[in-house]
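Me: Please take a close look at the surface charges of this model. What do they sit on, and what do they pair with? Short sentences will do.

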Amino acid sequence: MQKRDWGNIPEDCDERLKHLHSIVEKIKAGGQMGVNYMKMEERDRQLREDGAKEKLLSQIGKKLEKGKTIEEIADALEEEPAAIKELVQELRYQE
């Protein structure tokens with residue numbers, strides 16, 4: 001029989017918890033868990049960035065409709081004019 005390292009689990013702990021702990025340790029030891037976690041983190045980061053970009057594009061579009069210049073938009077949104085210019089081009093490409 002294999003000796004188990006129960007770590008911080010108390011001796012009088014429920015057998016179900018010990019079994020669960022054993023499963024978690026096997027998953028951690030497999031290495032795939034870390035890879036899956038990093039993929040999930042990257043996907044979440046990308047979704048946040050996409051959402052922020054969509055909001056910025058929306059704000060730029062509204063300001064363009066009001067006749068604002070790229071420099072005025074950049075100043076109002078606290079962005080670099082070059083970045084705003086690229087996003088304006090992207091907006092025009094979408095139309």
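Reply: Start with the acidic side. Glu71, Glu72, Asp75, Glu78, Glu79 and Glu80 form a negative patch on the surface. Keep in mind that this is a predicted model.

Part of the patch belongs to helix H3, which spans 70–77. Which residues of H3 are buried? They are Ile73, Ala74 and Leu77. These three cover an arc of only 100° around the axis, so they lie on the same side of H3. The general rule fits here: an α-helix has 3.6 residues a turn, so residues three or four places apart point the same way. Now turn the helix over. The face of H3 directed away from the buried side carries Glu71 and Asp75, both exposed. Both of these acids are also members of the negative patch.

Next comes glutamate 78, another member of the patch. Its place is the loop that links helix H3 (70–77) to helix H4 (81–94). Is glutamate 78 buried or exposed? The cut-off for exposed is over 50% relative accessible area. Glutamate 78 has 72%, so it counts as exposed. Its backbone deserves a check too. The phi angle of glutamate 78 is positive, about 55°, although this residue is not a glycine.

Now to charges that pair. Side chains of opposite charge can pair when their charged atoms come close. How many salt bridges does the structure hold? There are six.

Take helix H2, residues 32–65. Glutamate 49 and arginine 45 meet there through their side chains, at 2.3 Å from N to O. Why are these two placed one turn apart? They are four residues apart in H2, so about one helical turn separates them. Glutamate 49 is partly exposed, with a relative accessible area of 40%. Arginine 45 is partly exposed as well, at 29%. The pair is part of something wider: salt bridges with shared partners join Glu42, Arg45 and Glu49 into one network.

Another bridge links aspartate 44 to arginine 43. Their closest N and O atoms are 3.8 Å apart. The cut-off for a salt bridge is 4 Å, so this pair counts. Aspartate 44 has 27% relative accessible area, so it is partly exposed.

A further bridge joins arginine 16 and aspartate 14, at 3.0 Å from N to O. The two partners fall into separate classes. Arginine 16 counts as exposed, at 65% relative accessibility. Aspartate 14 counts as partly exposed, at 36%.

For contrast, look at some nonpolar surface. Leu17, Leu20 and Val24 form a nonpolar patch, with about 230 Å² of accessible area together. Leucine 17 belongs to helix H1, residues 15–30. Its relative accessible area is 40%, so leucine 17 is partly exposed.

One last marker sets the scale. Valine 35 is in helix H2 and is partly exposed, at 39% relative accessible area. The C-alpha atoms of valine 35 and isoleucine 73 are separated by 41 Å. Along the chain, the two residues are 38 positions apart. Isoleucine 73, recall, is one of the buried residues of H3.

Key. Residues are numbered from 1 along each chain as its sequence is written. This is a predicted model: local features need pLDDT of at least 70, side-chain atom pairs count only at pLDDT 80 or more; totals for chains, interfaces and linings use all residues. Side-chain values use heavy atoms; hydrogens and water are left out. Patches are made of residues with over 30% relative accessible area and no salt bridge: like charges are joined within 9 Å, nonpolar side chains (Val, Leu, Ile, Met, Phe, Trp, Tyr) within 5 Å. Accessible areas come from the Shrake-Rupley method with a 1.4 Å probe; for residues, only the protein chains shown count as cover. Lys and Arg count as positive and Asp and Glu as negative; His and the chain ends are not counted. The place of a charge is taken as NZ of Lys, CZ of Arg, CG of Asp or CD of Glu. Buried means under 20% relative accessible area, exposed over 50%, partly exposed in between (1.4 Å probe, protein chains only). The arc is that of the directions from the helix axis to the C-beta atoms.
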